[in-house]
Amino acid sequence: MAENTLILGLQWGDEGKGKIVDNLSESTDIVCRFQGGHNAGHTIKVNGDKTVLHLIPSGILHQNTKCLIGNGVVLALDALQKEIENLKEKKISFSNRFFVSSACTLILPSHISLDKVKDKKESIGTTGRGIGPAYEDKIGRRAIRFCDLGQPEILKKKVQTLVGYHNKLLENLYDHDTHDSDAVFNELMEFKDLYEEYCVDSQEIMFEWINNDFSILFEGAQGTLLDIDHGTYPYVTSSSTTAGGVSTGLGVGPKFINKIIGISKAYTTRVGEGPFPTELFDESGALLAKKGNEFGATTGRPRRCGWLDLVLLKKAIFINSVTDLCITKLDVLDEMEEINVCINYENGSPIYKSFEGWLTKTEGITDFSKLPEKAKIYIQFIEQFVKCNASIISTGPSRNQTIIR
Ligand code: IMP
């Protein structure tokens with residue numbers, strides 16, 4: 001059996017998954033997304049050229065790799081169209097290598113309105129992309145799916161019912177403008193070309209790929225602590241960001257996932273509201289934000305920064321059965337005189353172990369033995385605490401600034 005690898009975030013998202021997926025997808029036949037939507041933002045830098053992907057799997061940048069958006073993803077067709085156009089401008093080809101599950105739930109403009117008005121009351125700090133309301137409709141068994149574009153008459157009725165339902169909520173609960181269901185239907189039909197070109201029965205092609213021994217990379221979005229079940233509820237996203245999400249979001253049993261790479265920054269960040277026990281409000285936090293360029297790839301919002309929380313990391317490694325740890329953005333710590341990691345909690349407050357900073361440049365180092373001794377001590381402590389080897393360490397944003405052990 002070919003080796004199939006899952007890559008997922010172990011924190012609150014933005015761990016640098018895009019770069020690692022991009023690195024590994026060169027030697028992988030297929031890359032699949034299984035959850036989330038265009039709330040994600042994966043930044044990849046190749047030869048100084050930056051590409052930000054929100055929906056399309058990061059494998060698209062390698063021309064021999066096929067890409068699939070699985071049924072677990074909520075799909076905004078306008079965002080997908082824009083992303084395809086941008087990539088085509090960079091001479092990326094899509095024919096016979098890009099597929100979207102017919103069972104994807106579609107995000108409608110009324111989902112976006114609901115997301116924004118709800119967040120004003122609920123203060124989760126969502127990305128405002130309609131993700132939560134779209135997943136609500138999926139679970140409520142009233143969602144519009146990608147396959148519905150194939151039956152316009154039926155679609156029209158479904159849109160009338162769903163947008164009618166959204167309008168009642170918008171008007172009565174939130175005193176907000178409503179949406180015209182005919183306009184929503186017409187807008188959806190403008191994406192008929194996407195349906196004709198890319199819509200597939202993903203269960204069927206997954207079955208074929210697995211049985212033909214293709215190697216598959218499953219690309220997670222967001223992170224474990226944002227998981228709807230295992231995250232810091234209610235300050236979470238609305239999908240299963242953890243390993244279990246692969247099986248439901250693509251229709252692949254767990255025995256076909258052989259390697260699980262969990263990604264963590266060398267420190268911690270979070271966008272939006274919610275608990276963050278190791279958050280820093282001092283100069284160290286500001287230094288991490290500046291050096292790490294900690295602004296959301298999707299919304300541009302500044303990310304909250306803090307020390308690495310090994311208690312949470314250990315739990316995330318367990319939840320996902322992580323086999324390999326990947327530590328990213330080590331170089332961001334280069335100028336820190338002192339580095340802390342949380343190793344316990346007492347009355348809800350983090351207890352830290354302190355390390356001396358290495359105060360030397362690690363950016364671009366590709367060989368573990370060339371790291372400063374103090375950086376090695378830091379990495380080795382993390383490995384011992386969480387009982388998992390750090391087999392990949394990222395020392396900069398570019399493809400080649402990576403240590404593989
Ligand atoms: P939603 O996914 O837009 O509903 O947002 C719910 C929470 O997840 C908010 O705190 C967002 O900031 C966070 N979130 C969603 N997507 C990402 C991501 O890709 N990176 C980091 N945080 C995210």
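In this predicted model, helix 12 lies across strand 15 (324–328) and strand 18 (390–394), and runs at about 145° to strand 15. Helices (H or I, at least four residues) and strands (E, at least two) are DSSP runs, numbered from the N terminus; axes are lines fitted to C-alpha atoms, for helices over the stretch in contact, and angles run from 0 to 180 degrees between N-to-C directions. Contact means heavy atoms within 4.5 Å. Residues are numbered from 1 along each chain as its sequence is written, and side-chain values use heavy atoms, with hydrogens and water left out. Local features need pLDDT of at least 70, side-chain atom pairs count only at pLDDT 80 or more, and totals for chains, interfaces and linings use all residues.

Strands 15 and 18 belong to an open sheet of ten strands with mixed pairing, in the order 9-7-5-2-10-1-11-15-18-19. Two strands are taken to pair if DSSP finds at least two bridges between them. Strand 9 (199–200) and strand 19 (402–404) are the edge strands, each pairing on one side only. Within the sheet, strand 2 (residues 30–33) and strand 10 (residues 216–219) are paired in the parallel sense over four bridges, with valine 31 opposite leucine 217 of strand 10.

Another open sheet is formed by three strands in the order 14-16-17, also with mixed pairing. Its edge strands, strand 14 (308–309) and strand 17 (349–356), each pair on one side only. Strand 14 pairs with strand 16 (residues 338–346) in the parallel sense over two bridges; aspartate 309 has cysteine 342 of strand 16 as its bridge partner. Helix 11 (residues 310–319) packs on this sheet, where it touches strand 14 and strand 16, and its direction makes about 70° with that of strand 16. Helix 12 (residues 373–386) also packs on the sheet, touching strand 14, strand 16 and strand 17, at about 20° to the direction of strand 16.

Alanine 316 lies in helix 11 and is buried, with a relative accessible area of 1%; buried means under 20% relative accessible area (1.4 Å probe, protein chains only), exposed over 50%, and partly exposed in between. Leaving aside neighbours within four places in sequence, alanine 316 is in contact with Leu10, Thr224 and Val322. The C-alpha atoms of alanine 316 and glycine 9 are 8.9 Å apart, although the two residues are 307 residues apart in sequence.

A nonpolar core is a set of buried Ala, Val, Leu, Ile, Met, Phe, Trp, Tyr and Cys residues joined through side-chain atoms within 4.5 Å. The largest such core has 56 residues, and Phe218 and Tyr378 have the most contacts inside it. Helix 12 supplies the largest share of this core, six residues. Beyond its neighbours within four places in sequence, phenylalanine 218 is in contact with residues including Asn4, Phe34, Met206, Val246 and Ile257. A second, separate core of 50 residues includes Val31, Val73, Ile84 and Ile144.

The ligand is surrounded by 15 residues, of which Asn39, Thr127, Thr237, Val271 and Arg301 are the closest; a residue counts here if one of its heavy atoms lies within 4 Å. An N or O atom in the side chain of threonine 237 is 2.6 Å from an oxygen atom of the ligand. A polar side-chain atom of glutamine 222 lies 3.2 Å from a ligand nitrogen atom, and a polar backbone atom of glycine 125 is 3.4 Å from a ligand oxygen atom.

Terms used: A polar contact is a pair of N or O atoms within 3.5 Å; within protein, one must be able to donate a hydrogen and the other to accept it, and residues adjacent in sequence count only if both atoms are side-chain atoms.
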